[in-house]
Amino acid sequence: MKIRIRLSLKLIFFILVTAAVIYIAAIGYISFNFKNMALTDAKKITDSYALEYANLSKTELENDINIARTIAQSMSTYFNYDKNIRRKYYNEILKKTLIENPKYVSVWDSWELYTIEPGYNKTHGRVSTAYYRMNDEINITVDSLDIDSANESSLYYGIKTSGEETITDPYFYSYTKNKDDQILEASIVVPIKTNGKFEAIVGMDVTLDRFQSIVQEIKPYKNSYAFLLSNDGIFVAHPNSKYLGKSISIIDSVSNKKYNIIENIKAGKPFSYEMVDTINTYFSFAPFTIGKTKTPWVLGIAVPLNKIKAEAKENFNISIKVGIIGLVILTIIIWIIAVNISWPLRRTTKVLKKLALGQIDHSNKLKVNSQDELGEMASSVNTLIDGLYSTSEFAEQIGKGNLNANFDLLGENDVLGKAIQEMRESLLKANEEEKNRKINDKNINWASEGLTKFARILRENNDNINKLSYNIISNLVDYMDANQGGLYIKNDKDKNNIFFELVAHSGFLKEKYKNPQVIIGEGLVGQCIQEELTIYMNDTPDDYITIASGLGGSKPQSILIVPLKLNDEIYGVLEIESFLIIPKFQIEFVEKLGEIIAATISNVKINIRTAELLGQSKLQADELASQEEEMRQNMEEMQATQEEASKRETEMHGILEAIDHVSLIAEYDMKGKIIKINDGFIKLFELPKDQMLTKKQGAFELKDEKSKEEYKQFWNDLKSGIKRQKEQHIKANNKDIWLFEEYIPILDMDKKPYKVLNIAVNITEQKIKEQRLKQLKERKKALSAKAKRISTKSSAKNIQKQIKKTTELFEEHLQDFQFTDVSYLIKVYKGDLSKIKNIVKLYLKSIPEQLIELSELSDKKTWNYLRSKTTALKSKMAYIGLRLLNDNAKKIEAYCENKINLDEIPDIIDEMAESWKTAESELKTILLLKH
């Protein structure tokens with residue numbers, strides 16, 4: 001016989017047992033795994049923290065090594081300049097770097113003596129210049145080191161040998177030598193090499209106290225802490241300041257030996273270990289390499305695992321308790337449901353079966369014939385049918401995607417209705433969150449791509465501020481879908497008149513950039529500069545700038561003005577106008593980009609200014625050297641000519657003395673007007689200086705129609721940068737005056753003439769003497785017959801005889817000379833063989849040295865200096881008749897001056913050196929002659 005069990009008991013038994021088993025298993029499994037996952041997640045989070053802050057520390061130090069690298073590149077660029085000028089600018093670079101970077105204790109360089117001292121042939125010995133801070137002042141020290149021998153154990157020798165960038169381990173140091181003033185610092189060093197050859201190093205001593213504040217912020221868990229170690233395991237930062245500057249091998253020798261900490265740091269790979277003692281601690285190490293150095297540092301984090309395990313255990317116990325309480329509640333709920341369902345089912349079985357089969361229809365309603373409990377149940381069933389019908393319709397609308405369908409609850413306790421309503425709200429919320437997430441991801445991707453794009457733009461044209469500025473503003477306007485924008489950059493060349501200049505714009509109307517200068521406090525841009533804050537307006541003033549379009553000009557919807565700020569200094573301003581509202585994420589993007597642009601503009605302005613100053617200095621030095629050499633040669637040639645004429649005729653002595661002590665100098669602008677004149681010219685023309693300054697070149701020269709054309713061509717050549725020489729015959733105060741003049745165009749930084757220097761010699765007396773000499777020669781010819789009858793030989797005949805004898809001697813022994821012609825020497829030195837030998841000895845020594853110097857200057861491509869040295873050599877070769885070498889020297893002069901065929905110069909110098917070998921043997925033959 002079957003035992004009949006009440007429906008309510010069945011419900012309680014089967015549902016409760018099944019739910020309890022599943023519930024207990026699920027709670028137990030989740031709680032147990034949660035305990036293990038807590039430890040695993042803690043380690044992963046610790047590793048990620050270590051990696052994140054290691055990258056932050058790396059960025060800090062790489063900024064410093066980038067500055068050292070920039071200084072090294074700048075110094076290597078200016079190495080070929082004169083060492084006094086070069087040292088001056090090197091010092092300015094070092095001092096300015098120290099001033100602008102308060103975190104640097106010292107900035108210094110150290111140069112090998114063989115690179116800066118000609119003739120120094122030792123492989124050791126150097127000069128070090130350092131700027132350092134002491135008592136809030138900038139001091140300089142210059143030391144000579146390693147003069148006697150190289151210190152192979154020194155940091156300098158190690159870098160010289162390896163040629164690599166280096167960061168030292170931390171050390172305590174004080175320039176006051178007072179132990180209380182010592183600070184923890186490290187040295188960052190970058191080598192300077194030319195064509196792979198080591199020449200010098202540049203470095204700075206960097207304070208490390210900033211890393212103490214970084215590690216103190218790192219606390220992924222309660223009681224955890226972080227620390228920073230150098231390559232040799234020296235503590236750079238630690239919560240316990242007593243550890244700073246000490247090695248981990250001393251502080252924790254057991255762990256260092258057990259876990260190979262220092263060896264792992266040097267290997268540069270991430271590592272971790274769990275130290276089991278009274279406090280179970282997990283250590284995570286994230287190494288990072290600084291620049292191109294090969295000595296990685298490491299950031300470590302220590303996390304106590306006992307605390308995490310205790311929290312996990314506590315959570316596990318709570319989960320068990322919550323599970324038991326939930327099971328009790330579940331039992332009560334099932335009992336109530338079973339009792340309330342079993343009684344009405346006896347009379348409503350048929351209706352409920354239909355409902356169970358899903359037949360929800362108003363025709364299934366029960367008739368209510370009484371007002372007792374059965375009637376109430378029947379009424380409840382009917383209400384249930386109405387509610388299920390309404391709920392099914394609402395669920396059907398939700399299924400069709402109509403989340404806005406109306407639904408009225410059956411009552412305050414309509415669980416099913418509320419659940420469906422909550423489901424709808426969850427779906428609406430999920431849709432909204434998904435939409436917002438997509439928008440947020442899109443904004444983040446937009447900003448990240450923008451920073452990458454502009455990082456590339458900022459690396460391009462960073463030697464041209466105008467091109468760089470235009471690339472920035474045009475790309476930014478386009479990237480933000482704005483309509484127009486402008487970039488203002490600070491102009492502080494005149495410290496008494498600082499303003500911000502619109503150097504680049506995109507889409508501005510002419511009215512905007514007719515007045516491109518903005519004063520601090522003037523307008524919105526000036527207000528942004530003054531307050532150093534971003535200005536954003538979406539309600540623009542009526543009188544503000546309009547945006548040009550195909551239909552005319554319209555007022556922008558929004559204006560964004562962002563200061564380009566770095567280290568509390570404003571370098572410029574970005575202005576963006578748009579017909580659209582500029583969203584917050586774009587404003588934040590422009591502000592972040594503004595900091596990067598400010599840093600780039602700062603570096604570009606420093607590099608451009610330094611290059612301009614050094615380039616201008618070198619150009620002026622080369623021009624002056626060249627002009628000085630040409631003037632010297634001209635004076636030597638003129639002096640030699642005058643000396644020869646003086647020895648022939650005593651009357652020419654006055655001209656030679658005038659040339660030695662008097663020179664005439666004037667300067668002209670490019671229109672030929674005199675802008676400066678010396679007393680020699682004023683005395684010559686006997687006119688007031690003010691009246692002379694109103695004259696033009698050639699005002700006193702006797703001219704005809706042909707002279708006018710020559711004058712025009714003369715100035716066309718000067719305006720093209722071509723030097724001209726001329727002999728000028730002028731009338732001044734009814735006097736005939738002859739001048740021999742050298743006109744030299746003076747070039748500006750753009751290689752364009754901006755004025756002309758005139759160096760003149762008064763050759764009037766020479767011209768008059770030449771006329772008199774011509775008359776004397778004619779008289780001498782007339783008296784030559786009479787002179788033959790004179791028995792006593794004059795000194796002139798003795799000289800002529802000596803010249804003739806020396807000439808015959810040379811013709812007899814040196815008739816096979818290929819390159820050398822000594823006739824000019826014989827004439828100048830009146831046949832004195834001993835003087836001729838002395839000048840030959842001098843040239844045999846100096847010309848080979850000058851040829852070597854020409855070759856070295858050609859390799860360095862210093863064309864202006866090469867031209868000057870070639871001119872000096874040419875005068876010597878012309879003096880001893882080396883015509884072939886002289887012709888080659890003229891080619892080099894022309895190529896250097898006009899910057900053409902520069903690649904042919906090395907071959908020409910080699911040809912000169914080869915020809916000199918033959919010429920040298922010919923000159924040595926002269927030394928063997930005996931009178």
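In this predicted model, N223 is exposed, with a relative accessible area of 56%, so it clears the 50% cut-off for that class. The residue sits in the loop that joins α5 (210-216) to β8 (225-229). Its backbone is a little out of the ordinary: phi is near 70°, a positive value in a residue that is not glycine. Most residues other than glycine have a negative phi.

A second asparagine tells a similar story. N567 lies in the loop between β19 (558-566) and β20, and its phi, near 50°, is again positive in a residue other than glycine. With 65% relative accessibility, N567 counts as exposed too.

Positive phi values also turn up just past the ends of two helices. Right after α23 comes K861, with a positive phi of about 60°. The helix before it has the length one would hope for: at 1.5 Å a residue, the 28 residues of α23 (residues 833-860) should span 40 Å, and the end C-alpha atoms are 41 Å apart, so the two figures agree. The other case is E532, which follows α14 and has a positive phi near 60°.

Helix α14 (residues 523-531) is worth a look in its own right. L524, V525, G526, C528 and I529 are its buried residues. In an α-helix there are 3.6 residues a turn, so residues three or four places apart point the same way. The cover over the buried residues of α14 includes the strands β13, β14, β15 (517-518), β16 (535-537), β19 and β20.

Stepping back to the whole chain, the protein has 26 helices and 25 strands. Of its 931 residues, 40% are buried. Among contacts with a separation of 6 or more, 57% join residues 24 or more positions apart. The protein exposes about 53900 Å², and carbon and sulfur atoms supply 52% of that area.

Next, the pockets. The largest one holds about 2400 Å³ of space. Its lining runs to 50 residues, with S602, N603, K605, I606 and N607 lying nearest the centre. By class, that lining splits into 16 nonpolar, 17 polar and 17 charged residues. Several elements pitch in with at least two lining residues each: the helices α1 (7-77), α2 (83-100), α12 (465-479) and α15 (584-648), along with the strands β13 (484-491), β14 (499-506) and β20 (569-578). Of the elements involved, α1 gives the largest share of the lining, 13 residues. Two of the strands that line the pocket, β13 and β14, are also among those that cover the buried residues of α14.

Helix α1 also contains N55, which counts as partly exposed at 40% relative accessibility. N55 and I290 are 235 residues apart along the chain, yet their C-alpha atoms are separated by 10.0 Å.

Two glutamates in strands make a handy contrast. E112 belongs to strand β1 (residues 104-112), and at 1% relative accessibility it counts as buried. Setting aside neighbours within four places in sequence, E112 is in contact with T123, H124, G125, R126, Y156, K160, F198 and E199. E727, in strand β23 (residues 724-732), is partly exposed instead, at 44% relative accessibility. Again leaving out residues up to four places away in sequence, E727 touches W738, L739, F740, I763 and K767. One of these partners, I763, is 36 residues from E727 in sequence, and the C-alpha atoms of the pair are 9.0 Å apart.

Loop residues are not always out in the open, either. I234 is found in the loop between β8 and β9 (235-237), but its relative accessible area is 14%, so it is buried, the limit for that class being under 20%. Beyond its neighbours within four places in sequence, I234 is in contact with D169, P170, L228, L229, G245, K246 and S247. The C-alpha atoms of I234 and S249, 15 residues apart along the chain, are separated by 8.6 Å. The loop on the other side of β8 holds N223, which, unlike I234, is exposed.

Key
Residues are numbered from 1 along each chain as its sequence is written. This is a predicted model: local features need pLDDT of at least 70, side-chain atom pairs count only at pLDDT 80 or more; totals for chains, interfaces and linings use all residues. Side-chain values use heavy atoms; hydrogens and water are left out. Helices (H or I, at least four residues) and strands (E, at least two) are DSSP runs, numbered from the N terminus. The expected span of a helix is 1.5 Å times one less than its number of residues. On a 1 Å grid over the protein atoms alone, a cavity is a set of points where a 1.4 Å probe fits but cannot get out, and a pocket is an open set with protein on both sides within 12 Å along at least five of seven lines; lining residues have an atom within 4 Å of a point. Grid points are joined across faces, edges and corners, and a volume is the space filled by probe spheres set on the points. Ala, Val, Leu, Ile, Met, Phe, Trp, Tyr, Cys and Pro count as nonpolar, Asp, Glu, Lys and Arg as charged, and the others, Gly among them, as polar. Buried means under 20% relative accessible area, exposed over 50%, partly exposed in between (1.4 Å probe, protein chains only). Contact means heavy atoms within 4.5 Å. Accessible areas come from the Shrake-Rupley method with a 1.4 Å probe; for residues, only the protein chains shown count as cover.
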